[in-house]
Amino acid sequence: MGFLLFLILLVAAWQGIYWLGVDILQLWKPYAMPSPLGVAESFLDLCQDGRLLEATGNSLLRGIGGYAIALVIGVLLGLLIHQSKYLQKNLKPLVLGIQTLPSVCWVPFSILWFGLTTQAILFVVVMGAAFSVAISVDNAIKNVQPIYTKAALTLGANKKQLYLYVILPACLPELVAGMKQGWSFAWRALMAGEVMTTSVGLGQTLIMGRDLADINQVMLVMLVIVLVGIIIDKCIFSVAERRILRKRGLTGGN
Amino acid sequence: MALVLDGLCKRFDNSEKDTLHEIDLEVKTGEFVCIVGASGCGKSTLLNLVAGLERPSQGKVLLDGEEVIKPGADRTVMFQEHGLFPWLSVLENVKFGMRMAGFSKEEQDKKARHYLEMVKLWDYRDYPIHQISGGMRQRTALARSLTMESKVLLMDEPFSALDKQTSNRLREELQRIWMETKQTILFITHSVEEAVYLADRVVVLSPDSGKVAEIVTVELPRPRHVYAPEFVELRHRILEEVRGEAV
């Protein structure tokens, strides 16, 4: 409730500053300063012709698709790195290095490979998220307390059972945290990919706003991008995380 | 002869002398053997070798004539830190080993109940691990080990992380359970009192040479009482031995 009030105050202040700066003192040009009312108008506009919904839907589908591919690749790569001392020593530093590359840097490469296509965007998403997932898979397994492994082995678990019934559940909290981070990388990478290409999506709608010099549309799309990111984080990852931690008594109360 | 340690040596890579040096020991089926020694004398290393969690530098461990090369359910270990799985309930933890071994559902239920009742935790079977006390966690771990009905049960200072009162109670219960089950047990402890209370034989390890300093047979009748004069006398004798070698 307190947060809602804060948001209302923030929007009111924003509108106030707009009136003061644009209408009264005329410090800024109207096209250079977004306002809550302008954003609302833009929202209605884009909703009416269904463009906002289509863009959000497209982006979400691409985001989820790319993220799914990134998960598969990331988990496999992480397991591979974990399995081999050689890869641990030689490949992991490389993966860590690539992970620091901002995802937007993959865009030129991707366009040269795939052209201005959906595949190009997906490629950027996968590159943006897979390595971080791989690193967190390896770390999560490494951080499993040795006592669990010892207990399982002396209770007769074989290697397959050890991974399935002990290591997997033991590293689940860290794994979900890694997946959550992977998603936020994927979502950012998606926007980097979409602003460079022309197929309908949130990133492309954002760039269209710039091309039309419509700062309200730009602001609106930015807000939608933030909102989608928050909703996915809160409704999926945070819920899963909390449920796992609570079951193990690792959180106090809620 | 259930368990035989034959000329067992262990030297770690970074060390210049053997942590354990030519340990020979035989443990009979149904026997309760305690290993005592000052900290750093290699007690836990010895247990890890028997468990198959570490490999000896020389010599071997034989269980019913077969050489131990890896961990297995015929040598279940109960650890100082309980090693229970926090994502499973008390009951699920107790069933874990049986589940791995592919026991039928009925048999799992039956045995889990039998041993949980033995450690007086049946009423707590559905509790998550984080909601039970330290003593109850060790009892759960004990029940879990007992379900394996291992050829030898290995216990690595299982009560030493508990408060004195809880630890004394658990040791009483372990004595009772051992008298009921006659489970072969190799028990590591730094407490001479605990060793004399529980064991048929007490093996004293010397920290300097990494050898067995002495093996003392405890002939006191069970249940034992720590204040009985014979108990106190024996305890002092072994304590001298542990200290004497340590200086």
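Helices (H or I, at least four residues) and strands (E, at least two) are DSSP runs, numbered from the N terminus. With that in hand, welcome to the tour. This is a predicted model, in which local features need pLDDT of at least 70, side-chain atom pairs count only at pLDDT 80 or more, and totals for chains, interfaces and linings use all residues. Residues are numbered from 1 along each chain as its sequence is written, while chains are lettered from A and ligands numbered from 1 in the order in which they are written.

**Stop 1: chain B as a whole**

Select chain B. It holds 7 helices and 10 strands. Its radius of gyration (taken over C-alpha atoms) is 18 Å, close to the 18 Å that the globule rule (2.2 Å times the number of residues to the power 0.38) gives for 247 residues, so chain B is as compact as a globular protein of that length. Turn the C-alpha trace along its principal axes and you will find spans of about 50 × 45 × 30 Å.

**Stop 2: the six-stranded sheet**

Stay in chain B and colour the strands. An open sheet is built from 6 strands in the order 6-7-8-3-9-10, with mixed pairing; two strands pair if DSSP finds at least two bridges between them. Which strands stand at the edges? They are strand 6 (77-78) and strand 10 (212-217) of chain B, each with a single partner strand, so one side of each has no neighbour in the sheet.

Zoom in on the strand 6 edge. Strand 6 of chain B runs parallel to strand 7 (residues 153-156) of chain B, and 2 bridges join them. Here B:Val77 is opposite B:Leu154 in strand 7 of chain B.

Now add helix 1 (residues 43-51) of chain B. This helix lies across strand 3 (32-36), strand 6, strand 7, strand 8 (185-189) and strand 9 (201-205) of chain B, and runs at about 155 degrees to strand 7 of chain B. Such angles run from 0 to 180 degrees between N-to-C directions, and axes are lines fitted to C-alpha atoms, for helices over the stretch in contact.

**Stop 3: the four-stranded sheet**

Chain B also has an open sheet of 4 strands, in the order 2-1-4-5 with antiparallel pairing. Strand 2 (20-27) and strand 5 (66-67) of chain B are at its edges, each with a single partner strand, so one side of each is left free of a neighbour in the sheet. Strand 5 of chain B pairs with strand 4 (residues 58-63) of chain B in the antiparallel sense over 2 bridges, and B:Glu66 in strand 5 is the bridge partner of B:Leu63.

**Stop 4: two backbone details**

Most residues other than glycine have a negative phi, and most peptide bonds are trans. Select B:Asp64, in the loop between strand 4 and strand 5 of chain B: its phi is near 50 degrees, a positive value in a residue other than glycine. Then go to B:Arg222 and B:Pro223, joined by a cis peptide bond with omega of about -5 degrees. B:Pro223 sits in the loop between strand 10 and helix 7 (229-246) of chain B.

**Stop 5: where the chains touch**

Show both chains. How many residues of chain A are in contact with chain B? There are 15, and they meet 22 residues of chain B; two residues are in contact if their C-beta atoms, placed from the backbone, lie within 7 Å. On the chain A side, the elements giving two or more residues are helix 7 (146-154) and helix 8 (159-196) of chain A. Helix 7 of chain A gives the most, with 6 residues. By class, this side of chain A has 8 nonpolar, 4 polar and 3 charged residues. Ala, Val, Leu, Ile, Met, Phe, Trp, Tyr, Cys and Pro count as nonpolar, Asp, Glu, Lys and Arg as charged, and the others, Gly among them, as polar.

**Stop 6: helix pairs in chain A**

Keep helix 8 of chain A and add helix 6 (residues 118-142) of chain A: their axes come within 8 Å and cross at roughly 160 degrees. That makes these two helices roughly antiparallel (angles over 145 degrees). The crossing of helix 6 and helix 8 of chain A is right-handed (the near helix is turned clockwise from the far one by less than a right angle; anticlockwise would be left-handed).

Next, swap in helix 3 (residues 51-83) of chain A, which packs on helix 6 of chain A at about 40 degrees, with axes 6 Å apart. Helix 3 of chain A also passes helix 6 of chain A in a right-handed crossing.

Finish with helix 9 (residues 202-211) and helix 10 (residues 215-247) of chain A, packed at about 160 degrees with axes 8 Å apart. The crossing of helix 9 and helix 10 of chain A is left-handed.

Conventions
Angles under 35 degrees count as roughly parallel, over 145 as roughly antiparallel, 65 to 115 as roughly perpendicular and the rest as oblique.
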